[in-house]
Amino acid sequence: MARISTPSLAALVAVVAIAVTTASAAPLAPTPPVYPMRWQAQEDIMVISGNQKQVGTSVSHFDGPNNRTALTNVTHSMYDTIITNWNENDNMGKVYYIRTYGGERHCQFWCPPTVPVVCDAADSLCSYDYKNKAKYIGTEVVDGVSTNKFYWTENLGPIPMNSLVLYTNANSQQPTPVRMVRFIHPFGKNIGNSTIDFSDFKQVSSFPDSLFDLGPDAKYECSDPEPADSCQDEVRLRERKKEGRKKERERERQREREPERDSVCVCARPHV
């Protein structure tokens, strides 16, 4: 029988130990998927507020590189097309509400967006909070699809205003959203929730300019330098959100700059 030298035996034991450790180690939790900045999807939307429920569908065209979005084929709304362009209005953005009839689009009016950047849009998959705060919280089967769930909050300063859960296809080779649920609770008051179910999600290389065309009436109905009177509540909401996000990001930058401190208490001497 061949004898194994002591160095060879030690090496073999080490290899076996590594193999056992690797096999017994818990699998790493999935990380939040990184989505393309330009995509298109069918969206089925349900909003619940108190005893009221609203449903609708649309096709969402998310054009992050050009700071714009378009919702087309919108149902259960007075406006079948809603276009948002954050490059306009001195980079404050405009939301155009459009009706289609007679084979043409007819822009009715515009409002400021309720969020300051394209990645803060309601169906965005690139928000600052998602990319920096989303945590894996488990799995769930949604309409027959195995999904990974990720949770995060949107805050006004230190106060959580919304809580979100994104369900992503666990078996897809490409990042694919399945559902996004938003729980709305400003200042701790439960307002309701919204659910977006995604289907036919796909990355897009570019969108035609015609997709963002406002129609021939835009120069009359949507050229006013001031937003429509009905938009004032949205203006105030946007300003509150913008100020809150600015304060929160300043706190995060300050925490990053602060050096780690020892756990020794450095207390002021009381006055005698």
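## Salt bridges, a buried threonine and three disulfides

K149 counts as buried, because its relative accessibility is just 15%, under the 20% cut-off. This comes from a predicted model, and K149 is a handy way into its charged pairs. The partner of K149 is E140: the two form a salt bridge, with 3.2 Å between the closest N and O atoms. E140, at 33% relative accessibility, counts as partly exposed, so this bridge pairs a buried lysine with a partly exposed glutamate.

Searching the whole structure turns up eight salt bridges. Another one of them ties R179 to D197, and here the closest N and O atoms sit 2.6 Å apart. This pair links distant parts of the chain, since R179 belongs to strand β10 (residues 177–184) and D197 to strand β11 (residues 192–203), with their positions 18 residues apart. Elsewhere, R38, D63, R68 and D209 are joined into one network by salt bridges that share partners.

K133 brings the story to a helix. K133 is part of helix α3, which covers residues 128–133, and its salt-bridge partner is D129, with the closest N and O atoms 3.6 Å apart. Both residues lie in helix α3, four residues apart, or about one turn of the helix. How buried or exposed are K133 and D129? K133 has 18% relative accessibility and therefore counts as buried; D129, at 2%, counts as buried too. The side chain of K133 has a further polar neighbour: one of its polar atoms lies 3.0 Å from the backbone oxygen of T153.

Next comes a threonine. T69 has its place in strand β3 (residues 68–72) and is buried, because its relative accessible area is 12%, under the 20% cut-off. Which residues does T69 touch, leaving aside neighbours within four places in sequence? The contacts are H61, F62, I82, I83, T84, W86, V118 and F212. T69 can also be placed against L211: the two are 142 residues apart along the chain, yet their C-alpha atoms are separated by 9.6 Å.

The cysteines round off the picture. How many disulfides does a search of the whole structure find? It finds three. One of them joins C107 to C222, with an S to S distance of 1.9 Å. This link is left-handed, with -95° about the S-S bond. It connects distant parts of the chain: C107 is in strand β6 (residues 104–111), while C222 is in the loop between α4 (218–221) and α5 (232–257), 115 residues apart. C107 is buried, with a relative accessible area of 1%, and C222 is buried as well, at 5%.

Another disulfide is formed by C111 and C231, whose sulfur atoms are 1.7 Å apart. The angle about its S-S bond is -60°, making this link left-handed. Here too the pair links distant parts of the chain, with C111 in strand β6 and C231 in the loop between α4 and α5, 120 residues apart. Both cysteines, C111 and C231, are buried. Strand β6 and the loop between α4 and α5 are thus bridged by C107 with C222 and by C111 with C231.

The remaining disulfide joins C119 to C126, at 2.0 Å from S to S. It is left-handed, with -100° about the S-S bond, and both C119 and C126 are buried.

Key: Residues are numbered from 1 along each chain as its sequence is written. This is a predicted model: local features need pLDDT of at least 70, side-chain atom pairs count only at pLDDT 80 or more; totals for chains, interfaces and linings use all residues. Side-chain values use heavy atoms; hydrogens and water are left out. Helices (H or I, at least four residues) and strands (E, at least two) are DSSP runs, numbered from the N terminus. A polar contact is a pair of N or O atoms within 3.5 Å; within protein, one must be able to donate a hydrogen and the other to accept it, and residues adjacent in sequence count only if both atoms are side-chain atoms. A salt bridge is a side-chain nitrogen of Lys or Arg within 4 Å of a carboxyl oxygen of Asp or Glu. Buried means under 20% relative accessible area, exposed over 50%, partly exposed in between (1.4 Å probe, protein chains only). Contact means heavy atoms within 4.5 Å. A disulfide is a pair of cysteine sulfur atoms within 2.5 Å.
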